[in-house]
Amino acid sequence: MTPLPARVTCCIAGGGPAGIMLGFLLARAGVEVLVLEKHGDFLRDFRGDTIHPSTLQLMDELGLLAAFLRRPHQEIRELHGIIGDTDVTIADFSHLPTRCKFVAMIPQWDFLDFLSEAGRQYPSFHLEMETEATGLLIEGDRVVGLVARTAAGEQEIRADLVIGADGRHSVVRERAGLEATDIGAPIDVLWMRLSKKDGDPGQTAGRLVSGRLLVMLDRGDYWQCAYVIRKGGYDAMRARGIENFRHELVGIAPFLQDRVAELQDWDDIKLLTVAVDRLKEWWRPGLLCIGDAAHAMSPIGGVVINLAVQDAVAAANILADPLRDGKLTVEHLQAVQRRRTLPMRVIQRVQVIIQTRILDRVIGSDKPVTAPFAVRLFNWIPWLRRIPARLVGMGIRPEHIRTPNRTAVRPVQQT
């Protein structure tokens, strides 16, 4: 096994959307960057698979959109909610001021593979799989590198900047002693897949029936399903048995009757423990956290990937030049947090309102559910659908590519 470099300009812990995108953009701008991913590949099911118009716009600005959309994907142009017996069109992406007026459903591993392939076109991009950040190198009050666990043992890597992009259970933020504010979430989510058949409803939708919420994402030949439960309710649900769970699914979506047996046991169902938190400070000298490592988000709206990518683009825009020129200061790190705080806070606030004022009140109740008057307005006044479409599809203060392409040697070709 080739040893890791003893020193790089930027070392990124975590090969998720934030880490890979930032590594790619920095390498493209001429910065020597090493990305560490603890798994051997990106193939982990039941991860976010929604690539929103804001991210597709960035791919277009990079000249990669056509190549990316050649990968198998589905296009969601509207979001629907079925509340009791009422089908409500909640969001319509057709009016967004973006190149792609749809959400692309594509497995996260395909997205990460695509970005890492794009990154490898640049000699200063290095991605090491099966390599996990386990600690930090600290001198005085400054982070000067990290400790990585590899197949050959532990190795120290020194860097001008360490990036924590290692998710909501970030080792980097914990080792750095960064303090988080736990905002809380009253829900958890069970992820599963069920086959899709001819005659099934044609749209991605959330279904709320008698206190039970099932979100079904169209993945072409199967449904990726998210069943929302009360926080800590998983053990009680398991105790009632898999057959009872199948019965609950059919009660929400009767057309699933002929395939719920595909869930043979609880191994076919994955628990996502929902957390909503944010760091008070995303940085300390020599270190910056982005993505879920800086602010864990609820799955509501499916915005996790896209917020992580936006963080990465903002960080690259602000940090690339000072990193390349050896002039990085804490003011640059502070600038990234300032830039991304408003979008993060607005989205978290909306998620918390939905969780506490809607989901927490109805999940688990046996009372019949009817669409509130305010929700039915979306069917009566179509232009209202533009508001959630804008919030979900583009977010607050969408980022744009400002970093230059300085070191391409084998540009990605498009046809």
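**Buried residues and nonpolar cores in the predicted model**

In helix H7, which spans residues 242-252, the buried residues are Ile 242, Phe 245, Arg 246, Glu 248, Leu 249, Val 250 and Ile 252, where buried means under 20% relative accessible area, with a 1.4 Å probe and protein chains only, and where helices (H or I, at least four residues) and strands (E, at least two) are DSSP runs numbered from the N terminus. The structure is a predicted model, in which local features need pLDDT of at least 70 and side-chain atom pairs count only at pLDDT 80 or more, while totals for chains, interfaces and linings use all residues. Residues are numbered from 1 along each chain as its sequence is written, and side-chain values use heavy atoms, with hydrogens and water left out. The cover over the buried residues of H7 includes strands E13 (187-195), E14 (205-209), E15 (212-218) and E16 (222-230), together with helix H6 (234-240).

The largest nonpolar core (a set of buried Ala, Val, Leu, Ile, Met, Phe, Trp, Tyr and Cys residues joined through side-chain atoms within 4.5 Å) has 81 residues, of which Leu 146 and Leu 288 touch the most other members. To this core helix H8, residues 304-325, gives the most, with 10 residues. Another core, apart from that one, has 26 residues, among them Phe 93, Val 189, Val 274 and Val 352.

Arg 278 is placed in strand E18, residues 277-279. Although buried, Arg 278 has no salt bridge, a term for a side-chain nitrogen of Lys or Arg within 4 Å of a carboxyl oxygen of Asp or Glu.

Technical notes:
Buried < 20%, exposed > 50% of the residue type's maximum accessible area, 1.4 Å probe, protein only. Lys, Arg positive; Asp, Glu negative; His and termini not counted. Contact = heavy atoms within 4.5 Å.
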